[in-house]
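Here are my notes for you to read with the structure open beside them. Take the points one at a time and find each residue as you go.

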Amino acid sequence: MTQSSTKIIRRLAGPQATIFNDKLADGTRSYKIWGWDLAHYQRAKTELELAGFQVELRLHNGYSFRAARKYQQARLWVI
C-alpha cells in the first residue's frame, strides 16, 4: 500500500469536503463524508480495494426527530 486510505478518500472527495475519519478500538478506520450518496461510497470502496485495503461498506438506519424522517447513513470501514 503506497497511499494512505485518507489520501485516497481526500482525492475522491475533493479539497473542500468534510470528512469524518474515526479510529475504532480494533484499529479499523471509519470514514463518513458529507454530501456523498451510496454511489460515491461504492466508488471509494472499489478504489481502496484496488489499492490493497480491506474495506467494508456499513449502512446505518436511523431516524431524525428534527426532520421527522428515516435516513440511511453509509460509512466505510477500512482495515
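**Notes on helix 1 and some side-chain pairs**

1. Let's begin with helix 1, where the buried residues are Ser 5, Ile 8, Ile 9 and Leu 12. Around the axis they take up an arc of only 95 degrees, so they sit on the same side of helix 1. If that spacing looks odd to you, remember that an α-helix has 3.6 residues a turn, so residues three or four places apart point the same way. Bear in mind throughout that this is a predicted model.

2. What covers those buried residues? The cover of helix 1 includes strand 1, strand 2 (29-33), helix 2 and strand 4. Just after helix 1 comes Gly 14, and its phi is positive, near 95 degrees.

3. Now for the charges. Side chains of opposite charge can pair when their charged atoms come close. How many salt bridges does a search of the whole structure find? It finds four, and I'll walk you through some of them.

4. One of them joins Arg 11 to Glu 47, with 3.4 Å between the closest N and O atoms. Arg 11 belongs to helix 1 (residues 5-13) and Glu 47 to helix 2 (residues 38-50), so this pair ties together parts that are 36 residues apart in sequence. Buried or exposed? Arg 11 is partly exposed, at a relative accessible area of 47%, and Glu 47 is partly exposed too, at 29%.

5. Next, look at Asp 22 and Arg 75, whose side chains meet in a salt bridge at 3.4 Å, N to O. This pair also links distant parts of the chain: Asp 22 is in strand 1 (residues 19-23) and Arg 75 is in strand 4 (residues 69-78), 53 residues apart. Asp 22 has 33% relative accessibility, so it counts as partly exposed. Arg 75, at 21%, counts as partly exposed as well; the cut-off for buried is under 20%.

6. Arg 58 is worth a stop, since it turns up in two contacts. It makes a salt bridge with Glu 56, where the closest N and O atoms are 2.5 Å apart. Arg 58 also lies over the face of Trp 77, at 3.6 Å from the ring centre. Both partners in the salt bridge count as partly exposed: Arg 58 at 34% relative accessibility and Glu 56 at 35%.

7. Another charge sits over a ring elsewhere: Lys 32 lies over the face of Phe 20, and the distance to the ring centre is 4.9 Å.

8. On to the rings themselves: a search of the whole structure finds three aromatic pairs. In one of them, Trp 36 and Tyr 41 have ring centres 5.3 Å apart and planes at 80 degrees, so the pair is edge-to-face. Both residues are buried, Trp 36 at 16% relative accessibility and Tyr 41 at 1%.

9. Tyr 63 and Phe 65 form an edge-to-face pair as well, with 4.9 Å from centre to centre and 75 degrees between the planes. How exposed are these two? Tyr 63 is partly exposed, with a relative accessible area of 41%, whereas Phe 65 counts as exposed at 72%. Set them beside the first pair and you have buried rings in Trp 36 and Tyr 41, but an exposed residue in Phe 65.

Terms used: Residues numbered from 1 in each chain as written. Predicted model: local features only at pLDDT ≥ 70, side-chain atom pairs only at ≥ 80, totals over all residues. Heavy atoms only, no water. Helix = DSSP H or I, 4+ residues; strand = E, 2+ residues; numbered from the N terminus. Buried < 20%, exposed > 50% of the residue type's maximum accessible area, 1.4 Å probe, protein only. Phe/Tyr/Trp six-rings, centres within 6.5 Å; stacked < 30°, edge-to-face > 60°. Lys NZ or Arg CZ within 6 Å of the ring centre and 35° of its normal. Arc of directions from axis to C-beta. Contact = heavy atoms within 4.5 Å.
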